[in-house]
Amino acid sequence: MAEWGLVAERELPIPEGLVGERMDVALTRMLGLTRTKAAALVDAGAVTLDGVPAGKSDRLPARGVIGVDTPEVVRVPEPIADLRVVYDDDDIIIVDKPVGVAAHPSPGWTGPTVIGSLAAAGYSVSGLGAAERQGVVHRLDVGTSGLMVVAKSARAYTDLKHQFRERTVDKEYHAVVQGHLDPLAGTIDAPIGRHPQSDYRFAVVSDGRPSVTHYETLEAFPHASLVDVHLETGRTHQIRVHMSALRHPCVGDLTYGADPTLARRLGLTRQWLHATRLAFDHPGTGERVEFHSDYPSDLATALERLRVGVPNPT
């Protein structure tokens, strides 16, 4: 686990993947800060580069050292042990993201991020996109595990963004939802936007953005169903919102109306939702590539309890 606490004059060796980056951009990745906060640290004189006060636009040298002196709680850069790199080449990185990890730094989030972990491990990503989201072409919720692609080159970032926009990327998820869907397979075409009474939730609303989810029931249990889901669009919380709108929320998803008793009996502390397959045209070769991810242990255990009819973990 990474250390957290008051950081004073902490020395951070520059990871190979950040050599040549701007100081403010590097701090967003290494410390999990927004670019605004990173720039404020530099402006306050709290950051040095090889012992000399740093500027926001300073480029990081190889084998250099960043010094940080701040009373704020920041995250020491460290690779996430459970974040597995499935594939890596000059254009893309495919990661299998564990639960509890955000795709990138954002206001209010102080936990680990995919981008921060990759930077700490020495991976270089594309410089395109907002500073805290450079290389990120799509995201998974903090509470959702599974496959993500991160762009390493500028051509990969541009090409993958185009593929996601044109809906040619095949994003397959497995979800366990409460009850039995009727029909067992179908398409949900309902716009999604901010929830009218809750800033942190989303909902099906008339003025929302177009959102299309295809689903097929794989297995049915007395109180739940395992469902295969393909997304045409990629709205925030899309699967969770659409399933909740059908009154079949993902098991364990208390934010969107799941039964807490069922979640507790299955030993779940998050929604049963996993990005199990990702397929797209490789931005370098043009060939179709496909990646798969197995269920993590908490989801696999909950599913097995449903299959054997023993929902009580004790």
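**Exercise 1.** State how much accessible surface the protein chain has, and what share of it belongs to carbon and sulfur atoms.

*Solution.* In this predicted model, the accessible surface of the protein chain comes to about 14,600 Å². Of that surface, 49% belongs to carbon and sulfur atoms. Turning from the surface to the interior, buried residues, meaning those under 20% relative accessible area, make up 52% of the 314 residues.

**Exercise 2.** Decide from the radius of gyration how the protein chain compares with a globular protein of its length.

*Solution.* Begin with the secondary structure, which consists of seven helices and 15 strands. The radius of gyration is 21 Å, close to the 20 Å that the globule rule gives for 314 residues, and the protein chain is therefore as compact as a globular protein of that length. The C-alpha trace spans about 65 × 45 × 35 Å along its principal axes. As for contacts, among those between residues at least 6 apart in sequence, 65% join residues at least 24 apart.

**Exercise 3.** Explain why helix H5 is described as largely enclosed by the rest of the structure, and identify what follows this helix.

*Solution.* Helix H5 covers residues 238-245, and because six of its eight residues are buried, the helix is largely enclosed by the rest of the structure. The buried residues are Gln238, Ile239, Arg240, Val241, His242 and Met243. After H5 comes Arg247, which has a positive phi, near 65°.

**Exercise 4.** Find how many positive and negative side chains the protein chain has, and how far apart the centres of the two sets lie.

*Solution.* There are 32 positive and 40 negative side chains, and the centres of these two sets lie 4 Å apart.

Definitions and conventions. Residues numbered from 1 in each chain as written. Predicted model: local features only at pLDDT ≥ 70, side-chain atom pairs only at ≥ 80, totals over all residues. Heavy atoms only, no water. Buried < 20%, exposed > 50% of the residue type's maximum accessible area, 1.4 Å probe, protein only. Helix = DSSP H or I, 4+ residues; strand = E, 2+ residues; numbered from the N terminus. Rg over C-alpha atoms; globule rule 2.2 N^0.38 Å. Contact = heavy atoms within 4.5 Å. Areas by Shrake-Rupley, 256 points an atom, 1.4 Å probe, with all protein chains shown as cover. Lys, Arg positive; Asp, Glu negative; His and termini not counted. Charge placed at Lys NZ, Arg CZ, Asp CG, Glu CD.
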